[in-house]
Amino acid sequence: MIYGGGVGVPAFEYFEYEQRTSDYVVLIPVINEGERILKELYRAYKHHIADYADIVICDGGSTDGSLEERRLKKLQVNALLVKKDTGRQGAQLRMGIYWALRRGYRGVITIDGNYKDSIEDVPRFIQKLEEGYDFVQGSRFIKGGRAVNTPFVRHIAVRLIHAPVISLTAGQHFTDTTNAYRAYSSRYLSDERVAPLRDIFMTYELLAYLSVRATQLGYRACEIPVMRVYPEKGKTPTKISFFKGNSELLKILFRNFRGAYDPK
C-alpha cells in the first residue's frame with residue numbers, strides 16, 4: 001500500500017509484519033547496505049532489542065536484495081517502509097517519523113544501518129527518554145564512549161568545526177553532532193514550532209536542525225556514550241562523498257546556524 005505523499009511526507013510503501021508492541025521505535029534508514037544491515041539486525045536480535053523497541057527499516061529504495069521479507073521477520077523487524085519519492089536520508093527519516101507519530105510511539109531512536117554503531121545501547125536511550133529528556137545524542141567522544149578507526153579528517157571536522165557550531169547554535173555543548181544515533185521524544189517531534197515533516201529536509205538538514213531546535217525551545221537534551229566502529233581497511237561505509245558531500249554538510253551547518261530551517 002502507498003502511504004503519505006502529502007506535504008512534508010514522501011510517498012512510501014509499507015509492509016507491516018507486526019502491530020505496535022512497544023512505546024518506542026528504532027528507525028533505521030538504509031539503501032543498499034547489503035550484509036552490513038543484516039549484521040546490524042542480527043546484533044540487535046542477539047541483544048534482544050525488540051524487547052525494548054519496535055525495529056522499523058526506512059528504505060530509500062534498495063536493490064541489493066538485503067531486505068528480503070523472510071530474513072527481516074526472522075530478525076524481528078516490525079515493519080519495512082520503502083520510499084517511493086524524492087530525497088535521501090532526510091526524506092527517509094520524515095517517512096519514519098510520520099509512521100512513528102501516527103502509530104503513537106512515545107519516542108523515536110534513529111541509527112544508521114551500516115553496522116558502525118552499538119545498537120545494543122538502545123535501552124540506554126530509552127532510559128533517558130523515560131527520565132524526561134527530549135533529545136538524546138549518542139557520542140563516541142565522551143567518557144564511556146568509543147571511537148574506533150574514525151578517519152582522521154572526519155574526526156577533526158566533527159571535533160573542530162561541526163560540534164562547535166552546533167553547540168553554539170543550540171546553546172548547549174555537544175561533542176558528536178554528525179552522529180545519527182540519537183533519540184527524540186514524540187512531544188518534541190510533534191511540536192508545531194519544530195515541524196520536522198517539511199520538504200526542506202531532503203538530505204542531512206534534518207539531523208542538524210533537530211540537534212539544535214530542542215534546546216532553543218527549552219526542551220531537555222543530553223549526550224550518552226556509544227561506540228562507533230569504522231573498518232580497519234577497505235571503503236568507509238558512508239553515503240557522504242569526500243568533496244561534494246562534506247561541502248554540502250558545511251552549507252547545511254551554517255544555514256542551520258542562521259535559522260534557515262526554522263518554521264516560518
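Contact here means heavy atoms within 4.5 Å. The notes below concern a predicted model.

1. **Overall form.** The protein chain comprises eight helices and 11 strands. For its 264 residues, a compact globule would be expected to show a radius of gyration near 18 Å, and the value of 17 Å for the chain agrees with this. The C-alpha trace spans about 45 × 45 × 35 Å along its principal axes. Of the 264 residues, 55% count as buried. Among contacts with a separation of 6 or more, 80% are made by residues 24 or more positions apart.

2. **Helix 4 and its covering.** Helix 4 occupies residues 122–130, and its buried residues are V122, F125, I126 and L129. Viewed down the helix axis, these buried residues fall within an arc of 100°, so they line one face of helix 4. The elements that cover them include strand 3 (24–30), strand 6, strand 7, strand 9 and strand 10 (221–225). After helix 4 comes G132, which has a positive phi near 105°.

3. **Strand 7.** How much of strand 7 is buried? Five of its five residues are, so strand 7 is largely enclosed by the rest of the structure. Both of its faces are covered: F135, Q137 and S139 are buried on one side, and V136 and G138 are buried on the other. Strand 7 (residues 135–139) pairs with strand 9 in the antiparallel sense over three bridges, and it runs parallel to strand 10, to which five bridges join it.

4. **Residue register around strand 7.** V136 has a bridge partner in each of the two neighbouring strands named above: A183 in strand 9 and C222 in strand 10. Q137 of strand 7 stands opposite R182 in strand 9. The reviewer may wish to follow these pairs when inspecting the strands.

5. **Strand 9.** Strand 9 (residues 182–185) is likewise covered on both faces, with R182 and Y184 buried on one side and A183 and S185 buried on the other. Besides its pairing with strand 7, strand 9 pairs with strand 6 (residues 107–110) in the antiparallel sense over four bridges. In that pairing, G107 stands opposite S185.

6. **The largest nonpolar core.** This core has 42 residues, and Y188 and L210 are those with the most contacts inside it. At least two residues each are supplied by strand 3, strand 4 (54–59), strand 5 (79–83), helix 3 (89–103), helix 5 (152–170), helix 6, helix 7 and helix 8 (244–257). Helix 7 gives the largest share, seven residues. Leaving aside residues up to four places away in sequence, L210 touches F135, Y184, Y188, L189 and V194. Of these, F135 is a buried residue of strand 7 and Y184 is a buried residue of strand 9.

7. **A second core.** Separate from this core is a second one of 33 residues, which includes L41, L75, I119 and Y133.

8. **Positive phi outside glycine.** Two such residues deserve a note. N32 is not a glycine, yet its phi is positive, at about 50°. N32 is placed in the loop between strand 3 and helix 1 (35–46), and with a relative accessible area of 32% it is partly exposed. A195, also a residue other than glycine, has a positive phi near 50°. A195 lies in the loop between helix 6 (186–190) and helix 7 (205–216). Its relative accessibility is 21%, so A195 counts as partly exposed, the cut-off for buried being under 20%.

9. **Cysteines.** How many disulfides does the model contain? A disulfide is taken as a pair of cysteine sulfur atoms within 2.5 Å, and by this rule the count is zero. C58 is buried, with a relative accessible area of 0%. C222 also counts as buried, at 11% relative accessibility, and C222 is the residue of strand 10 that bridges to V136.

Methods: Residues numbered from 1 in each chain as written. Predicted model: local features only at pLDDT ≥ 70, side-chain atom pairs only at ≥ 80, totals over all residues. Heavy atoms only, no water. Buried < 20%, exposed > 50% of the residue type's maximum accessible area, 1.4 Å probe, protein only. Pairing = 2+ DSSP bridges. Arc of directions from axis to C-beta. Core = buried A, V, L, I, M, F, W, Y, C linked by side-chain atoms within 4.5 Å. Rg over C-alpha atoms; globule rule 2.2 N^0.38 Å.
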